[in-house]
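Welcome, and please open the model in your viewer. Have the selection tool ready, and follow along stop by stop.

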Amino acid sequence: MQQRTLGTQGLVVSAMGLGCMGMSEFYGPRDDAESVATIHRALDLGVNFLDTADMYGPFANEMLVGQALRGRRDQVVLATKFGNVRGPDGSWLGVNGRPEYVRACCDASLKRLGVDHIDLYYQHRVDTTVPIEETVGAMAELARAGKVRFLGLSEAAPGTIRRAHAVHPISALQTEYSLWSRDPEPEILPTVRELGIGFVAYSPLGRAFLTGRVKSAEDLAPEDFRRRHPRFQGENLERNLALLEPIEKLAAEKGARPAQVALAWVMAQGEDIVPIPGTKRRTYLEQNLAAAELRLTPAELERLDRALPRGRTAGTRYADMSTVNR
């Protein structure tokens with residue numbers, strides 16, 4: 001697995017990471033044993049960049065990742081997040097960026113993960129009631145204390161990114177980015193590139209839509225949150241299915257899978273971009289990682305750009321978009 005550099009502070013990670021969220025929640029039943037085996041397989045194959053958050057589970061995903069890392073901590077660049085507040089019962093309690101909350105969250109994450117430091121610590125969502133300078137100031141204190149190595153933001157707007165970066169260098173911005181979510185291209189990507197901040201693309205497979213395995217709600221488990229996602233419902237889904245055709249056609253021509261074409265497209269958008277496709281199964285992990293060796297020609301990239309331009313996807317990225325791009 002090749003490596004890529006995020007930011008200018010020395011953070012180097014595998015060119016593709018592993019999103020661990022779905023191992024504990026949102027995408028149907030859990031299988032902790034298979035999830036741990038998937039993490040171990042990722043490490044064996046050279047993936048060293050693992051992504052979790054305190055809210056996944058809630059809390060369970062950090063404990064799962066911590067379990068998987070026992071005896072292998074030195075092989076991992078570990079990223080987690082704070083800011084989306086949930087109760088022990090899973091209830092959603094809003095966004096919190098207050099300094100005292102930042103410090104408490106970090107200590108709790110360290111304990112759940114069973115580690116003495118976090119490599120990349122993100123603010124999961126921006127709290128508009130707290131100046132970003134105060135939140136990042138608290139994150140910087142954690143870095144000075146050795147609890148955190150690098151700082152990140154998630155789903156932040158260009159102006160917020162600039163203000164945060166002025167307080168302490170931000171190494172990575174994590175935002176949804178894929179062939180069906182190209183929103184970062186006009187303003188966010190140019191901003192982070194100007195500032196020397198790396199870009200981590202979450203949901204690079206469009207929550208598995210771009211794999212071609214989800215053609216109707218019946219393909220999803222009853223508790224799968226995508227059944228309520230705007231892009232997977234009704235007319236939106238019918239319109240979006242047409243977007244799969246050029247991806248599937250190109251995949252067939254190259255002897256690859258649609259997911260591999262979609263991931264190769266993201267990786268081709270810049271050496272400063274690292275996708276973190278999520279999976280809880282070794283089979284899909286291995287298929288995804290093969291995309292790192294798939295090369296799309298300039299003509300093929302242009303073909304995909306024409307077929308799936310920004311704004312073509314039907315439906316918003318979330319039912320409630322009020323907490324993104326703030």
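Start by selecting Asp-305 and Trp-265: in this predicted model, a polar contact of 3.1 Å joins their side chains. Asp-305 sits in helix 10, which covers residues 298-307. Add Arg-182 to the selection, since Asp-305 touches Arg-182 as well as Trp-265, leaving aside residues up to four places away in sequence. Now show Leu-179 too. Its C-alpha is 8.1 Å from that of Asp-305, although the two residues are 126 apart in sequence. Is Asp-305 buried or exposed? With a relative accessibility of 28%, Asp-305 counts as partly exposed.

Keep Arg-182 on screen and select Glu-185. These two form a salt bridge, with 2.9 Å between the closest N and O atoms. Arg-182 is buried because its relative accessibility is 9%, a value under the 20% cut-off. Glu-185, at 21%, is partly exposed.

**Next stop: helix 6**

Select residues 188-195, which make up helix 6. Which of its residues are buried? Colour Ile-188, Leu-189, Thr-191 and Val-192 to see them. Turn the view to look down the helix axis: these buried residues fall within an arc of 160°, so they line one face of the helix. A general point helps here: an α-helix has 3.6 residues a turn, so residues three or four places apart point the same way.

What do the buried residues of helix 6 pack against? Show helix 5 (158-167), strand 10 (172-176), strand 11 (198-202) and strand 12 (273-275), and you have their partners. Before moving on, click Gly-196, which follows helix 6 and has a positive phi, near 75°.

**Next stop: Asp-127**

Go to the loop between strand 8 (118-123) and helix 4 (132-144), and select Asp-127 there. This residue is buried yet has no salt bridge. Which side chain of opposite charge is nearest to Asp-127? Select Arg-98, and you will find it 5.4 Å away, while a salt bridge needs the atoms within 4 Å.

Asp-127 does have polar partners. Its side chain makes a polar contact of 2.6 Å with the side chain of Thr-129. Show the backbone as well: the nitrogen of Gly-97 lies 2.8 Å from a polar atom of the Asp-127 side chain. To fill in the surroundings, add Val-95 and Asn-96, which Asp-127 touches along with Gly-97 and Arg-98, again not counting residues up to four places away in sequence.

**Last stop: pairs of opposite charge**

Side chains of opposite charge can pair when their charged atoms come close. How many salt bridges are there in this model? The count comes to 27.

Select Asp-119 and Arg-149 for one of them, with 3.0 Å from N to O. Asp-119 is in strand 8 and Arg-149 in strand 9 (residues 148-154), so this pair ties together parts that are 30 residues apart in sequence. Asp-119 is buried at 2% relative accessible area, whereas Arg-149 is partly exposed at 43%.

Then pick Glu-141 and Arg-103, whose side chains meet in a salt bridge at 3.4 Å, N to O. Glu-141 belongs to helix 4 and Arg-103 to helix 3 (residues 99-113), and the pair links distant parts of the chain, 38 residues apart. Both are partly exposed: Glu-141 at 38%, and Arg-103 at 34%.

To finish, select Glu-155, Glu-176, Asp-183, Arg-207 and Arg-317 together, and you will see residues linked in a network of salt bridges.

Definitions and conventions: Residues are numbered from 1 along each chain as its sequence is written. This is a predicted model: local features need pLDDT of at least 70, side-chain atom pairs count only at pLDDT 80 or more; totals for chains, interfaces and linings use all residues. Side-chain values use heavy atoms; hydrogens and water are left out. Helices (H or I, at least four residues) and strands (E, at least two) are DSSP runs, numbered from the N terminus. Buried means under 20% relative accessible area, exposed over 50%, partly exposed in between (1.4 Å probe, protein chains only). Contact means heavy atoms within 4.5 Å. A polar contact is a pair of N or O atoms within 3.5 Å; within protein, one must be able to donate a hydrogen and the other to accept it, and residues adjacent in sequence count only if both atoms are side-chain atoms. Lys and Arg count as positive and Asp and Glu as negative; His and the chain ends are not counted. The arc is that of the directions from the helix axis to the C-beta atoms.
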